[in-house]
Amino acid sequence: MALPLIRLAVVDSTQAFLRRNPHLGFCVVLAERQSEGRGRQGNRWESAAGAGLWMSAALPAPVGVAPGLLLQRAMGAAARALDPEGQTLGLKWPNDLVARKEGRLVKLGGILGEQSGGRLILGLGVNLTEAPEIPGRAIPPACLAELGLRASNPNDFAVAIIHEWNDLTQNIQPLFKWPESGTAIHWEDGQGTCLGWESDGRLKVATAEGIRRLSAGDVAGMA
C-alpha cells in the first residue's frame, strides 16, 4: 500500500498528530522536530531538529498478531531498513533498537503503538546524527553515525521503513536479541534469569517464585 507522506517542520509529537486527525486515514507523518516526543512509559524523547528520524504511520490494523509481537516485528523491520546489511542493530526487549558499542549495549531508538478506529498507529524515533546526553542510564543513548552506519536523509529512511511495514505478518529477526537465554536480569518489581522470548512477544523468566512471563517493563542486566 502506497501511503501519503506528510512532512512537518515542528509538531508536538507525530503520534499525537495522527491520533487527533483520524480523518487523514492511512498515512505517514514525518517531522523535523518534536516538541513533546514521548517514549515508553511516558518518558520524554529528545527530538531535536536534524538529529534523527521522528515519524508515525497510521496503518490497517493486522489481524491475529499479539500487540507485543507486533511492535517487535515493526522494530525489526525498521532495523532492516536502517541497517540493510544486518551487521549492527539488534532488539532489546520489549522493542528498543540497540547496538553493541565497546562491549556494552547502547540505545538508538524506540517505538510506540496503539490501535484507534481500525488504524494501527506506530510511532518511531531513531537517533541518526546526534544522541542526547542522559546521565545515569543503564543503556546510554547513541546514534547511527557514531556506529559507522549511514545516517541519510530521514525522508529516505521513512520511505524504506514504510515499505517494510506494509507486511507486519513477516517474522523478521534482528542480528541479536537481548536479553539472551541465561542472562540474569531485573525489572521494576522482580529479578530472575531469562529463559527466552516467547512466540507472542512476552519474555519468559525463571524467578525464585517460579516462571513468569513479562508482557511489559524495563529490564536491565544484573550488576
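Start by selecting Pro179, which lies in the loop between strand E8 (177–178) and strand E9 (184–187). The model on screen is a predicted one. Add Trp178 to the selection: the peptide bond from Trp178 to Pro179 is cis, with omega near 5 degrees. Most peptide bonds are trans.

**The sheet that includes E9**

Extend the selection from E9 to its sheet. In what order do the strands of this open sheet of five run? The order is E12-E11-E10-E9-E13, and the pairing is antiparallel. At the edges are strand E12 (210–214) and strand E13 (220–221), each of which pairs on one side only. Now show strand E11 (residues 203–207) together with E12: five bridges join these antiparallel strands. To find one of the bridges, pick Leu203, whose partner in E12 is Leu214. Keep Leu203 in mind, since this residue returns in the core below.

**A second cis proline**

Move to Trp93 and Pro94. The peptide bond between these two is also cis, with omega near 5 degrees. Where is Pro94 placed? Pro94 belongs to the loop between E4 and E5. Select the strands on both sides of that loop: E4 covers residues 90–92 and E5 covers residues 96–101. They run antiparallel and are joined by three bridges. Gly90 stands opposite Val98 of E5. The connection from E4 to E5 is a hairpin through three residues.

**From E5 into E6**

Continue along the chain to strand E6 (residues 104–116), which runs antiparallel to E5 and is joined to E5 by five bridges. Lys101 has Arg104 as its bridge partner in E6. E5 and E6 form a hairpin with two residues between them.

Stop at Glu102, in the loop between E5 and E6. What is unusual about the backbone of Glu102, which is not a glycine? Its phi is positive, at about 50 degrees. Most residues other than glycine have a negative phi. Is Glu102 buried or exposed? Glu102 has a relative accessible area of 77%, so this residue counts as exposed, the cut-off being over 50%.

Next, display the side chains of Arg100 and Phe176. The charged end of Arg100 sits over the ring of Phe176, 4.1 Å from the ring centre. For ring against ring, there is nothing to select: a search of the whole structure finds zero aromatic pairs.

**Helix H2 and the core**

Select helix H2 (residues 67–82) and measure between the C-alpha atoms at its ends, which are 23 Å apart. Why does that distance agree with expectation? At 1.5 Å a residue, the 16 residues of H2 should span 22 Å, so the two values agree. Colour H2 by accessibility: 13 of its 16 residues are buried, so the helix is largely enclosed by the rest of the structure.

Now bring up the largest nonpolar core, which has 54 residues. The members that touch the most other members are Leu53, Met55, Leu89, Leu124, Trp165 and Leu203. H2 gives the most to this core, with ten residues.

Centre the view on Leu53 and list its contacts, leaving aside neighbours within four places in sequence. Among them are Leu30, Leu124, Val126, Leu128, Phe157 and Ile161; Gly125 and Pro154 are also in contact with Leu53.

Finish with a second, separate core of eight residues, including Val11, Leu18, Cys27 and Ile121.

Notes:
Residues are numbered from 1 along each chain as its sequence is written. This is a predicted model: local features need pLDDT of at least 70, side-chain atom pairs count only at pLDDT 80 or more; totals for chains, interfaces and linings use all residues. Side-chain values use heavy atoms; hydrogens and water are left out. Two strands pair if DSSP finds at least two bridges between them. Helices (H or I, at least four residues) and strands (E, at least two) are DSSP runs, numbered from the N terminus. Rings of Phe, Tyr and Trp (its six-membered ring) pair if their centres lie within 6.5 Å; planes under 30 degrees apart count as stacked, over 60 as edge-to-face and the rest as tilted. A charge sits over a ring if NZ of Lys or CZ of Arg is within 6 Å of the ring centre and within 35 degrees of the ring normal. The expected span of a helix is 1.5 Å times one less than its number of residues. Buried means under 20% relative accessible area, exposed over 50%, partly exposed in between (1.4 Å probe, protein chains only). A nonpolar core is a set of buried Ala, Val, Leu, Ile, Met, Phe, Trp, Tyr and Cys residues joined through side-chain atoms within 4.5 Å. Contact means heavy atoms within 4.5 Å.
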